[in-house]
Amino acid sequence: MAILTRRNLLKASAVAGVYGVGLGLAGRFNNAEAAPEPQILKTNKIQANISGDGITKDVLTYGKDGAPPVLRMKKGEPFAARLVNGIDEPTTIHWHGLRIPNTMDGVPFLTQPYIYTGGTFDYAFTPPDAGTFWYHPHCNTLIQMGHGMTGVIVVDNPKDPEFDTEIVVNLRDWRMGGDNQFIAQFKPRDSAKSGTYGTVRTANWQIEPQYDAPSGGLVRLRLANTDVTRIFSFKADGDAAVIAIDGNPVPKRFPLDVLQLGPGQRLELAVRMPDSEGAFFAINDVHGTVPKTLLKIRAVGTSLKRNIGDLAALEPNPVKVIDASTAEHLPLILSATAEDTADNSICGSLGYSFWAINKVPWPGDTPDPTAPLAELKLGKSYVIDMENLTPHSHPIHLHGMSFTVLSSTVGPVPPFVSDTYLIQPNEKVQLGFVADNIGDWLLHCHIIEHQKTGMTSYVRVV
Ligand code: C2O
Ligand code: CU
């Protein structure tokens, strides 16, 4: 009998399909050799100097101090992490954008129990896709994420082209007063509009940080919008090409003009540094009226004279293509609501309902006793016909499966593969996907106040 090594275990799961369908989770980790030592992710309440001029109390993070660590995984290789809950309320971890088994998805009650104070939970999975992803709790999220618990994940692909430097950036705001202490995380009247914005804007928990990279070199810049509210309009001051959005290579790279990304979304750029030493490349947010510099990269040394055009294309992720001829259409209408269901909410209820999906103001992260929005058949193709009847943009996120943007009333769209689509007011968009992952998968707006006041639902794949 053959000895089950990591290598042939991976082969075995490849034969059974990306998710090891029919093999089950136990089958994928039925061998101690295959599951690596878990990385410990301990939630903690800390103090941190975020504004630059004083200590903020009650900051929440993973780890002992500072921002949550950037987690590095390898495409197609097992990863394991142990959540140890050191804060005084229940939590879980959701791995945003990773197409992993449902039991690992981190949604309380829907996919796993609460992890109470002092408790632990072992997450173990094999990321099928390479790219930039992120992790965050799925419990009392406005506070837990708002106070710091948002971290970036990089899934490496050994076949990626070679850059001279890589910079990973966690973009987020903080809602604090002049004394550097947290203030109320939301105002109901803003939740009923575009959401409540932070007061201090940071990149990697610093205001306008500066990094170094070789002059004339190529930087792989990974930007993750982990904020609970803010939509960015990224603009480069310098030479940059978009190579991936939301963890998936774009069909054809293009120069960064202005690109809007909502909460939950990620942008990967190939940056060509200026040739002269001391010159800067910068990323700005030109969303509102006052443009804001988010970070700067300074050119150091003599020019490497590299060229973005010489970079090989990124390898596409193994996301299935839909069969348009048999695809079933699922209408998904986003609207405001006046109906009050707020009392049913748990897991960080805000006590209001302002929003609805298909006219239902959903009670919160936990759908029970509400039935799923739709029951999908494993392996079948679906097209979500999503329509935004509200005057606000919504970054709608689907757990567990990636979709392809098929068409939009806003104009021609490249067939982006993604897990989060920022739908504009009055837009209608078609998102196609193959229901290839069994389980209950949340579908919600990633403006957390919207999610928590009606704009959360789920689909069931059986
Ligand atoms: Cu970023 Cu429900 O997730
Ligand atoms: Cu929304």
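Select H394 and H450 to start: both are buried, meaning under 20% relative accessible area with a 1.4 Å probe, protein chains only (exposed is over 50%, partly exposed in between). Now add ligand 2, the copper ion. Its protein donors are H394 (ND1), C445 (SG) and H450 (ND1), at 2.0 to 2.1 Å. Donors here are N, O and S atoms within 2.8 Å of the metal (3.2 Å for Na, K and Ca), and with water not among the atoms, sites may look incomplete. Along the sequence the donor residues follow the spacing H-x50-C-x4-H. H394 sits in strand β24 (residues 394–398) and H450 in helix α5 (residues 448–451), so this pair ties together parts 56 residues apart in sequence. Helices (H or I, at least four residues) and strands (E, at least two) are DSSP runs numbered from the N terminus.

A word on what you have open: this is a predicted model, where local features need pLDDT of at least 70, side-chain atom pairs count only at pLDDT 80 or more, and totals for chains, interfaces and linings use all residues. Residues are numbered from 1 along each chain as written, chains are lettered from A and ligands numbered from 1 in the order written, and side-chain values use heavy atoms, without hydrogens or water.

Next, pick residues 381–388, strand β23. Six of its eight residues are buried, so the rest of the structure largely encloses this strand. Show β20 (residues 328–336) too: it pairs with β23 in the parallel sense over seven bridges, with L330 opposite I384. Two strands count as paired if DSSP finds at least two bridges between them. Then bring in β28 (residues 428–434), which pairs with β23 in the antiparallel sense, over seven bridges; look for M386 facing its bridge partner V429.

Keep M386 selected and add L221, L223, L269, I283 and I297: these six touch the most other members of the largest nonpolar core, which has 60 residues. Such a core is a set of buried Ala, Val, Leu, Ile, Met, Phe, Trp, Tyr and Cys residues joined through side-chain atoms within 4.5 Å. Strand β19 (residues 292–300) gives this core the most, four residues. For a second, separate core of 23 residues, try L60, A81, L83 and I87, which are among its members.

Finally, colour by pLDDT, the predictor's confidence in each residue from 0 to 100. The chain averages 90, and 89% of its residues reach 70 or more. Over residues 1–33, though, the value is below 50. Where pLDDT is low, the predicted coordinates should not be read in detail.

Methods:
Contact means heavy atoms within 4.5 Å.
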